[in-house]
Amino acid sequence: MSRATVNVIIVAACGLLSRVLGIGREMLMAHAAGVTAEKNAYDLAFMIPDILNHVVSTGFLAIIFIPIFQGFRTREDDDGAWHFLSNTLTVLGSVLLLLMIPTMIWMRELLSLFTAAASLTPDILDRATYLSRIILPGQFFIFVGSYFMALQNCREQYLIPAMTGAVYNVAIIVGGLIGLHTGLEGFAWGVPAGGFVGFLVLQVIGARREGIKYRPVFKPFDPMLRHYLALMVPLSIGLGSQFGMELVMRALGGIFGASSISSLNYAYKVMFTVVSVFGYSVGVTGYPRMSLLVKQGRFQEVNRDVWRSLSRMFVLLTAAVVAVWVLSFPIVRILFERGAFTREDTELVTTLLRWYLPATLGLSMQVVLVRAFYAHERMWMPTIINSGVFLLTIPAYFLLAERAGVLCVPIVGAAGVLTQIAVMSIAWARRHGREGMRLALQNIGRAVAVLLFMVAVARFIETFTAQWVRQAGLATLIVYAGAAGLVLMSASLVLQSALGSNDAADIIAMFAGKISRKLRILKRDKG
């Protein structure tokens, strides 16, 4: 097994563990608060910290840092690399700390500015303000730790950075369990605690193992810092797909009633679990290689890698989407329906989840394609496309609001994400060539055909199983969901392969080979 494959497996496994823990966190919240005003306030409390995070491009930090750091690496300029790291971290860390002070003071006013505050009660706004002030310091730990994670990724060390999400979620869960008597306040305290342990302490340990040489340097007019900021600006002012969807969810969700923000958030978290497992593992591990290939001038290899990654990801994703779409109601029941989370809440979240699911295809593919642009240090192209499409979709939310109600949020969001990836793919092909594109599009077309067919079949079968699924016990439902999910994913891949998809055939062969090896080992051990 190649090192690249091992890295993908490490990131995917840790990503899955993180998402499982994240879902576990949401399960505890669902039991404690359901879709009440308290949960709405908690979800809303993340809005301003997330916006501040976006302004300093914490989420894109590795994307900007890695190509520049790799440039020093290819020139064998270690002193320049460590100076760049030290100065960038010190200067921007100082800016973030300064921004946090007025943010903390005027938190309520900022929440009112960025949300449909008229549709929220003063109690929800007050509670969201209080929780947001608890959460905010965690952003600094996340910011600093992100540099150390990027450094480890440059050295192709993924285990410790990949563990960050799991540690972060464990801290939030522990905080929630300790403070259950305070509503969701304990979960809020878990955020800065998780940021400190998972993003700062753990990543410092990992970076020291890689020989980091940080020393405080404050040179705001350093040429390399100016270059870094020039790359950062389009990401800071842009509205990426994930950020845009979460912003709309919190900003407009309150229009549709007191429970809408939390209902949307439950559905979004389940949907994004699919993205984390199937999208980020490929994008994160592939990006350092893409950046290095670009620095070495091996552009054709980058183009082939991009189209191959997009094709395989889409083929596997459609199989996962089919399974999750068909099993949406059992999944939501298994995860959330207990305590304060009622059957009525399950029905609403199930419907929202199904409309969100098409977005997984676009969000996951963007992880690869956006990074491909960034590897070439072309930050403006994806920013213009994503922001432009997002801004064009805003009127659609209001036009559909009266007719579709809260469903307009996932419907318009998913349509916007799919439009973004379509436009971005065309832009990439025109700029970097079509080598490998035709085969990728053929495989994607087969995957879409199978997706539509499988959903149609599932709708028919659902008419006979709906009542049983709503009455089955939890243990029975878990067994049913696991077995049915495996069958549905396998059937999707087999149908794609039968239609001529070489990617589906390769994936089937890979899993069949692994199963065959396991069986041989078991047979040998018994012998």
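Me: Before we start, what counts as a helix or a strand here?
Reply: Both are DSSP runs: H or I over at least four residues for a helix, E over at least two for a strand. The model is predicted.

Me: OK. How many helices and strands does the protein chain have?
Reply: It has 22 helices and zero strands.

Me: And how compact is the protein chain?
Reply: As compact as a globular protein of its length, because its radius of gyration is 23 Å and the globule rule gives 24 Å for 527 residues. Its C-alpha atoms fill a box of roughly 70 × 60 × 55 Å along the principal axes.

Me: What share of the residues is buried?
Reply: 54% of the 527.

Me: What about contacts between residues at least 6 apart in sequence?
Reply: Of those, 85% join residues at least 24 apart.

Me: Which residues of α2 are buried?
Reply: Glu-38, Lys-39, Asn-40, Ala-41, Tyr-42, Asp-43 and Leu-44. That is seven of the eight residues in 37–44, so the rest of the structure largely encloses helix α2.

Me: Switching to the surface. What supplies the exposed area?
Reply: Carbon and sulfur atoms supply 67% of about 22,500 Å².

Me: How many charged side chains, positive and negative?
Reply: 45 positive and 29 negative. The centres of the two sets lie 8 Å apart.

Me: Where is confidence lowest, and where highest?
Reply: Helix α22, residues 502–526, is lowest at a mean pLDDT of 75. Helix α16, residues 343–356, is highest at 93.

Me: What is the mean pLDDT for the protein chain?
Reply: The mean is 85, and 92% of residues reach 70 or more. Where pLDDT is low, don't read the predicted coordinates in detail.

Terms used:
Residues numbered from 1 in each chain as written. Predicted model: local features only at pLDDT ≥ 70, side-chain atom pairs only at ≥ 80, totals over all residues. Heavy atoms only, no water. Rg over C-alpha atoms; globule rule 2.2 N^0.38 Å. Buried < 20%, exposed > 50% of the residue type's maximum accessible area, 1.4 Å probe, protein only. Contact = heavy atoms within 4.5 Å. Areas by Shrake-Rupley, 256 points an atom, 1.4 Å probe, with all protein chains shown as cover. Lys, Arg positive; Asp, Glu negative; His and termini not counted. Charge placed at Lys NZ, Arg CZ, Asp CG, Glu CD. pLDDT = per-residue confidence, 0-100.
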